[in-house]
Structures are given as structure tokens and as C-alpha cells.
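Thanks for sharing this one. Here are a few notes to read alongside the coordinates.

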Amino acid sequence: MEKTSRQKIITYYTDVAKKNRLLTYPSMAAMFVTLIFYYIGMHFLTNGKRYASMFFVAVFFMSSCSFSFAVFAERTGFTGAQETYSAVVEPSDVSLAVVKPVNPVVEEILEETNVVASEHDEEAETFTLDDLLKQHEHDHSIGVYDDHAEEQPGTDADADAAFGFDNSDWRLVLINKQHPIADDYDFKLGTFTSGMRCDERVIEDLLLMMQAAKKDGLNLVVRSPYRTSDHQEDNFNTRIKSYMRQGLSYMEAYKATSIVITVPGCSEHEVGLAFDITSDSFIELKQGFADTEEGKWLEEHSYEYGFILRYPSGKEYITGIEYEPWHFRYVGREAASTMKEEDLCLEEFWDKYL
């Protein structure tokens, strides 16, 4: 009967040891090392398919996961993901991408539910200008809260223009899927008697903007301002469960959710700088808000008070979130004016100036 490879190895080194006693111990050591490599080789040979499957699963996850696709593709030049998912990528210095599922079931669910980027809270309260002014009706120490105050949008930008932009400026902090909220990020919440909360440093310009709109006959409504991390996580998980009930797998539901809701820990709502703003006649957070008088007014004038449309149309491949005509982010008047003038989203602004 033919000897096995293992038996041949043992026989070979045993014969060497018998022929020369001085080589006994070296032969045994060499045999031991050879057998180790033999067993390792046999293990991978017999389990090759299993390891190959694990490798391809890992590659698939890295190439399609909303957390890691942009970084993975940039560092490795990997393009195989395009065989499974189509990426909406246009030339840009900003290495971010939105990976959209080509699964027709996913696309159909997104269309039917009109989920266009619900970085919002379905059950969030709404706050009108009157609601927000209740706390300050007897406080005129700051003229902005006085209905008769003279507003001068843009003056802050003029005063600060000579100083340029600083990446440590709290107004310009970049928060997205690739840049989660830093552990040491600190801010103080300002709380209205109506219950609304946000970064207290934003309140003055927010009220100025809402007062200006009211003078033009428009009633802006704030919805879903500051949101805790736990609240953001609940929103994210609720959306995943909703998609899974509609027939998606967990991974499909996760991908669909990450396109329309910012991953917990990566939302500007969690630092009190983001506001969902609509009107008293169009409360829903849908893209149709862009066609309302309030939506048009905000698009044209919000920068004058330091706010930007955070997720503009045509920038989805950079922001990682679909078009949200209601989602406004405070960045300060100088930066907002620059972004408005040069048609930049926050990621592009960082790439160019910071």
C-alpha cells in the first residue's frame, strides 16, 4: 500500500537519523517543523472553499456597507462593488459616495413610501415663531427678540471676513457618516419654554430669520431640532424594522435606511446645529416643500442669517444623504454666504477652505 505524505516525511527523517546518530536531534526538529507546515497546508486544502467564502463575504461587506464604502474604495481602488451596487459618483475632490441599491424591491419601497431622506423624526413636535418667543416676551435685553428691531443680515460676515475660516470653529464642524461626532465635542443647550432645544449660540440668528420671514408674510415652523443620540438610534432602528416588514433583508433594510437617515452618532441634530424647517401650511418633510413660498424664501435668504441647505439637490454623491429642502444647518453668516455664492455643500467647503 502506498504511503501517505505524512508517513513519507516521518520515514525520510527517521532514516536520516538512523544513518547518522549526530543528526538525530536535528532530524527530529526538522521533521517536527515539516509536519507543522504539512498539517497547516492540509487544513487550508480541505477547508479552502470555506475560507474563500469568508473572504468574498468580507469583500462584499466592505464594498457595500454605508459606513465603509467610501474609505474602502479610496484606499484600495476597488471597483468590484459596481457589479452589485451602482454608485452615483461625479468628479469631485471630495471622496464620498452614495451607494444606491439596484434591488428593484428596495427601489420600489423607497418610491412608494416617498422616503427622500428622513433625517427627521416622524413624531416630532412643531414650533412656530410665537412658540419660541414666549420665553422672551418680557426680555428685550437683546434687540433681536423685539418685533421692532432693525435686522441687518450679513454684518457678522463683514466683520469676520478678514479672519478667514478656522477648522476649529464650532460653527463649521463637519459631521457626516465619515466624520462622526467627536467624543470631546462640547456645547451648551438653549431651551425654550415651548420645549424646543438647540445650541444656545444659534438662537439669535434663528429667531432673526423666522422674524424676517414673518415680515414677508410667511410662517416658518421648526421641527426636530436637537435630538439625543438615543433618540437618533431609535429613529434609525425603527426605519430598519419598517423596511424589513416590507420584505427587505436586514442588510437591504440597513442600506436603504442609511441613505435616508443619518447613522447614530453622525447626525447634526445631535449637537443642536440642525433644524428641520417647513411652514404652517406644509408641515410634512417632503421634497414638495421646495415648491412652497416658504421653501423658496429659505433657499434664497437663509444664508443671510448663517444657515445653509445642508443636503442640496445634485450633491447627494457628496453628502451621502438625498435632497432635503427642509434641513438647514447653522454655519455662521460668512461661511453661509461663501457656500451660497460658490454653490458649495459643507463637505466641498471643507475640502476647499479647511
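Which residues form a nonpolar patch on the surface?

1. In this predicted model, the nonpolar patch on the surface is made of F32, V33, I36, F37, I40, F44, Y51 and M54. Together they have about 810 Å² of accessible area. Two elements give two or more residues to it, namely α2 (24–46) and α3 (48–64). Helix α2 brings the largest share, with six residues.

2. You may want to look at F44, which sits in helix α2. F44 has a relative accessible area of 47%, so it counts as partly exposed; the patch takes residues with over 30%.

3. Now for the protein as a whole. I find 14 helices and nine strands. The chain has 354 residues, and 44% of them count as buried. The exposed area comes to about 19,000 Å², of which carbon and sulfur atoms supply 53%.

4. On contacts: taking those between residues at least 6 apart in sequence, 71% join residues at least 24 apart.

5. A word on confidence. The mean pLDDT is 78, and 73% of the residues reach 70 or more. Residues 113–119 have pLDDT below 50, though this stretch has 32 contacts in the model beyond near neighbours in sequence. The pLDDT is also below 50 over residues 137–151, a stretch with 23 contacts beyond near neighbours in sequence. Where pLDDT is low, please do not read the predicted coordinates in detail.

Notes:
Residues numbered from 1 in each chain as written. Predicted model: local features only at pLDDT ≥ 70, side-chain atom pairs only at ≥ 80, totals over all residues. Heavy atoms only, no water. Patch = residues over 30% accessible without salt bridge, like charges linked within 9 Å, V, L, I, M, F, W, Y side chains within 5 Å. Areas by Shrake-Rupley, 256 points an atom, 1.4 Å probe, with all protein chains shown as cover. Salt bridge = Lys/Arg side-chain N within 4 Å of Asp/Glu carboxyl O. Helix = DSSP H or I, 4+ residues; strand = E, 2+ residues; numbered from the N terminus. Buried < 20%, exposed > 50% of the residue type's maximum accessible area, 1.4 Å probe, protein only. pLDDT = per-residue confidence, 0-100. Contact = heavy atoms within 4.5 Å.
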